[in-house]
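Q: I'd like to zoom in on one small piece of this model and go through it strand by strand. Could you take me through how it's put together?

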Amino acid sequence: MSDWDNIQTIYNCPVCGREDCVPASGVSTSPVLIVGEFPGAEEIKYGEPLVGATGRVLRTELAYLGIDMRGLRLCNLWLHEPNKNEKCLEYGASKVIEEAKGRKAILLVGSDAVEYFCNMKVSKVAGISVTSPYLSAPLIMACPNPALVFKGSSVGEMRLALQKFAKRIEEYL
Amino acid sequence: MNIHPYIPRDLPRNSYVAIDTEIFGMNDKTLHRPTSGKFACMTIATSAEDVYIMQDETEIKLYLQHLQDCIWVMHNAKFDITQLRRWADIPPRKKLWDTLLIERIMWGGYFDTFGLNDLSRRYLDEYLEKETRDEFKTVTTMDEKRVEYACRDAINTWRICEAQKKVMTKSDWKIWDEVDRPALWAVLDFKGMAIDVDKWMEIARDNKQRADELKASLPFNPDSPKQVVTYLSQRGFKGIDKAQADILKKLIKKYPNAEATPLAKAQQEYKMYAKRASTYGATFISDHLEYDDGVPTIYPDWEVTKALTGRMACSSPNLQNIPARDTKIFRECFIARPGHKIIVWDYSAQEPLITAHISQDKRLLEIFRSGKDVYCEMALDIHGKVIDKSDPMRTAMKPIFLGATYGLSKYGLAKRLECNADEAEYLLEKFFKKYSGVAAYVQRQQREKKYVTTILGRKSWLNSYDESNKGERNSLNSPIQGSAGDMTKQAFAKMHKEWDFDFPFAVVGIIHDEVVADVPEYAVEEVKKFGERCAIEVAEAMCPSVPFKVGTYSGESWACKE
């Protein structure tokens, strides 16, 4: 049987008309939502968020912690690669807000997602609970972009944030 | 949080007390110096809830005396002790816990930042606001918010210490107890380096003038990569796509007779003078100059542990970057005080000796024990040639040795030796064949995925995701460079501990494997021997399988070494 929740249709951005939008994927009923920044080349190619470098590290680290990312809901702040059109960003954010409704826990991954939803720098709040004027869930947590480990960043900050998040969501999974 | 106005009289011996100092109106450029600002408050946390605030600078001495038998916990003790020494005599003490330095010992390479707010997030799951700190720059009185801020810092420092105690290992403690804490007290007593301001300014003017002349002589703007590429490509530098120094260097070698060659050389020369004029110009003096008993002096900010390998760092200004190989003129500006001489102690072949000890390579141990020159012996082992120290081939041996032990790729080595990659690969293979103990050590290190350690046990965490050569280099570099750093720290800390001359501790700087001091002329010979003994003793205790030598030099300036 197909997983009807995971079937997505590539669609255009209603603001700018771009055709390579990457919608949310994963289990639509999952209590946990992971919000990335924007789709990269691999995400666009496969039409799914968090399947590129960021997603690979996330998947590996979460697996170490006993969490299968396939059981979670995944989306990005931007539906396509960022441009200078504020309305595209707002549209992407509105889709995230829709996705966030009713979730128990939200992980904001990367500086763009954290700054947009919490108005805070990810370096100041990584690994701790945050609040957002846009999102409401019992737990919202921030995590640095895991792909930074390929660009000279140490792994500790990202790993600790994920460890703390994993521990907190145990009761929901 | 309970804020109290007075400290209790019955604090138990060896109880942990976190101390934090706030200063009003500090100069941003000299935060490491006790030269600006006015005392705002000292906060003392004695538990996770109780904190005492003291806002009268005349009582600092009394308070610190009262805390004498407690274990002082500070975050960046270098700052607090430097500032508190303005009002109270604080001699070196063992009962000190620096949450910043201890965090770096435990998690160097695992995390990138070590501020109190970072540690509050990690250990306490709390956001610690630091915005109020900026207010202290401009205000001169405490209000409720600032009191709350200062008290929170002390409370969180205390709580972080409690959390660190739970995860600290024996080897982390050993590094703190035997290396970093003694080094911290020594650093706190470093003197400034006297500087010949007129000479410095003359050099700065000359560099600026030379850069301007070269720029004016060139038919293109040497600061515009686009213009450099366009102009040189039209005059014989085929295939030039970037104006980077290494690319130009290659093309200069490839096309010695091209019209572009003298222009490229002039462009490179311009870049060198322009960089010197900007980095070592007038602002180097104006930003950092102090007068120590009327002597113009520079007091840099020495960090006990900053680099990934656990080595020291220097900033405001960075004396570790002062050019030394190409020219001595800058070092000549750092002079002895009147009636004094500069002494420089320098470990000879420190890192190769450490490599020999760590790897226990039989051939390397044999070379060092025989007292022969390692690079001359390498030339014999690799090329079958007998050379002396003046032979240019000896210079080429260094990158092979360092490259092999630091995981330099054949391409990296080829670049340094200016040969092709096949030749570099052959040299590396030959090296590892002759020095099989080093080869085995390198293989062992490459298998490490979590962290590597120095001889004394300082950890350097590795990034298992790093797909570049950097991760591998760190696993090879850190034990050797970090051990060298530990050794140098222990050497000057031992000097500090045993200093018994009739003048204050005279070390003025640490430049990698060099210790520099400024001592009265009458004591030069005695201090030279003393420093040499200290350096040798710590080295041989750390690496008992190899004999260490320390070069000791003295003269009018820091350039006395060569």
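In which sense do E16(B) and E17(B) pair, and over how many bridges?

A: A word on the ground rules first. This is a predicted model, so local features are only taken at pLDDT of at least 70 and side-chain atom pairs only at pLDDT 80 or more, while totals for chains, interfaces and linings use all residues. Residues count from 1 along each chain as its sequence is written, and chains are lettered from A, ligands numbered from 1, in the order in which they are written.

Now your pair: E16(B) and E17(B) run antiparallel, joined by 4 bridges. Strands here are DSSP runs of E with at least two residues, helices are runs of H or I with at least four, and both are numbered from the N terminus. For two strands to count as paired, DSSP has to find at least two bridges between them. If you want a spot to click on, B:Ile510 sits opposite B:Val515 of E17(B). The two strands form a hairpin with 2 residues between them, where B:His512 takes a positive phi near 55 degrees.

Zooming out a little, the hairpin belongs to an open sheet of 4 strands in chain B, ordered E16-E17-E13-E18 with antiparallel pairing. Its edges are E16 (507-511) and E18 (550-555) of chain B, each pairing on one side only. From one strand to the next, the twist averages 20 degrees.

Next, E13(B). It is joined to E17(B) by 7 antiparallel bridges, with B:Val344 standing opposite B:Val516 in E17(B). E13(B), residues 340-347, also pairs antiparallel with E18(B), this time over 6 bridges. There, B:Ile342 has B:Gly555 as its bridge partner.

Helix H21 of chain B, residues 524-542, packs on this sheet and touches E13, E17 (514-520) and E18 of chain B. Contact here means that the C-beta atoms of two residues, placed from the backbone, lie within 7 Å. The direction of H21(B) makes about 20 degrees with that of E13(B). Angles like this run from 0 to 180 degrees between N-to-C directions, with axes as lines fitted to C-alpha atoms, for helices over the stretch in contact.

How covered is all this? E17(B) is mostly covered, with 5 of its 7 residues buried. Buried means 20 or more other C-beta atoms within 10 Å of a residue's own, exposed means 12 or fewer, partly exposed is in between, and the C-beta atoms are placed from the backbone.

While you're in this stretch of chain B, have a look at H13(B), residues 350-359, too. All 10 of its 10 residues are buried, so this helix is largely enclosed by the rest of the structure. The buried set includes B:Gln350, B:Glu351 and B:His357, along with B:Leu353, B:Ile354 and B:Ile358. Just after H13(B), B:Gln360 takes a positive phi of about 55 degrees.

For a second sheet to hold up against this one, chain B also has an open sheet of 6 strands, ordered E1-E4-E3-E2-E5-E6, with mixed pairing. E1 (2-4) and E6 (96-98) of chain B are its edge strands, each paired on one side only. Direction ignored, its neighbouring strands are turned by 25 degrees against each other on average. E1(B) runs parallel to E4(B), residues 50-54, over 3 bridges, and B:Asn2 stands opposite B:Asp50 in E4(B).
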